[in-house]
Amino acid sequence: MFYLNVIMPFPAEIILRSVVVYLFILAAIRLFGKKEFSQLTIIDLVFILLISNSVQNAMVGSDSSLWGGLVAAGSLFLTNYILKFVIYRFRFMDRFFQGEPIILVHEGRILDKNLKKERISLEELELSAREHGVASIKDVNLAILEVDGNITFLSDSYHKHSRNKRRAHKSMGTM
């Protein structure tokens, strides 16, 4: 087996390993789809914990010292900072890494093609609508799967409800 430390000094190897693992995990999460972000189940939590444990050795190799861990963690923080800066500076990179919002319902009509593409069942869509106070999908003007995995619902009844809530807050002096 070929080891990187033949080519690079020790800290550089940990930095390279950490950056490669970071980018791999980022790509893998991106491939899973948006809905996974907002609907973290116990299975997802266990998966995340196991993934983090499984890639630890890939990042630090045989070094389990405090220094090796700090170098790996620092590399991850720096990589994350740089990636966020690049995404902020170059908007097309935001679409590349996070995707774009997807319309799921338009004028009360469910867009089955988009539901299938994002692997969202009709039951999940209806549950989310009820959680947002929308009684029926037919009442929805627009439902959008956001890049963070949440579904936004816009409907006439929702706007009226929101407007009445804002009025109540203003009259109580809370807005």
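In this predicted model, the side chains of D94 and R91 meet in a salt bridge, with 3.5 Å from N to O. Both residues belong to helix α5 and are three residues apart, so about one helical turn separates them. An α-helix has 3.6 residues a turn, so residues three or four places apart point the same way. The two partners differ in their cover. D94 has 18% relative accessibility and counts as buried, because the cut-off for burial is under 20%. R91 is partly exposed, with a relative accessible area of 48%.

A search of the whole structure finds two salt bridges. Besides the pair in α5, E13 forms a salt bridge with R17. Here the closest N and O atoms are 2.9 Å apart. E13 and R17 are four residues apart in helix α1, which covers residues 10-32, and are separated by about one helical turn. E13 is buried, at 7% relative accessibility. Side chains of opposite charge can pair when their charged atoms come close.

R17 also has a spatial relation to helix α3. Q56 and R17 are 39 residues apart in sequence, and their C-alpha atoms are 9.8 Å apart in space. Q56 is placed in α3, residues 42-60. Its relative accessible area is 39%, so Q56 is partly exposed. L45 also lies in α3. At 38% relative accessibility, L45 counts as partly exposed. L45 contributes to a nonpolar surface patch of about 610 Å², together with I42, I43, V46, L49 and L50.

The chain as a whole contains eight helices and four strands. From the N terminus on, the elements run α-α-α-α-α-β-β-α-α-β-β-α. Of the 175 residues, 27% are buried. The accessible surface comes to about 12,400 Å². Carbon and sulfur atoms account for 65% of that surface. Among contacts with a separation of 6 or more, 60% are between residues 24 or more positions apart.

Helix α4 comprises 24 residues, 66-89. At 1.5 Å a residue, α4 should span 34 Å. Its end C-alpha atoms are 34 Å apart, which agrees with the expected span. The buried residues of α4 are G68, V71, A72, S75, T79, L83 and I87.

Helix α5, residues 91-98, buries M93, D94 and F97. Seen down the axis of α5, these buried residues fall within an arc of 110°, so they line one face of the helix. D94 thus appears both in this buried set and in the salt bridge with R91. G99 follows α5 and has a positive phi, near 85°.

Two residues other than glycine also have positive phi values. For E107, phi is near 50°. E107 sits in the loop between β1 (102-106) and β2 (109-110). With 55% relative accessibility, E107 counts as exposed. For R119, which is not a glycine, phi is about 55°. R119 is located in the loop between α6 (112-117) and α7 (122-131). R119 is partly exposed, at a relative accessible area of 47%.

In helix α7, L125, S128 and A129 are buried. Viewed down the axis of α7, the buried residues fall within an arc of 105°, so they line one face of the helix. The face turned away from this buried side carries the exposed residues E123, R130 and E131. The cover over the buried residues of α7 includes β1, β2, α6 and β4. G133 follows α7, and its phi is positive, near 80°.

Strand β4, one of the elements that cover α7, spans residues 151-155 and includes S155. S155 is buried, with 0% relative accessibility. Leaving aside neighbours within four places in sequence, S155 is in contact with V134, D139, V140 and N141.

Note on methods: Residues are numbered from 1 along each chain as its sequence is written. This is a predicted model: local features need pLDDT of at least 70, side-chain atom pairs count only at pLDDT 80 or more; totals for chains, interfaces and linings use all residues. Side-chain values use heavy atoms; hydrogens and water are left out. Buried means under 20% relative accessible area, exposed over 50%, partly exposed in between (1.4 Å probe, protein chains only). Contact means heavy atoms within 4.5 Å. The expected span of a helix is 1.5 Å times one less than its number of residues. Patches are made of residues with over 30% relative accessible area and no salt bridge: like charges are joined within 9 Å, nonpolar side chains (Val, Leu, Ile, Met, Phe, Trp, Tyr) within 5 Å. Accessible areas come from the Shrake-Rupley method with a 1.4 Å probe; for residues, only the protein chains shown count as cover. A salt bridge is a side-chain nitrogen of Lys or Arg within 4 Å of a carboxyl oxygen of Asp or Glu. The arc is that of the directions from the helix axis to the C-beta atoms.
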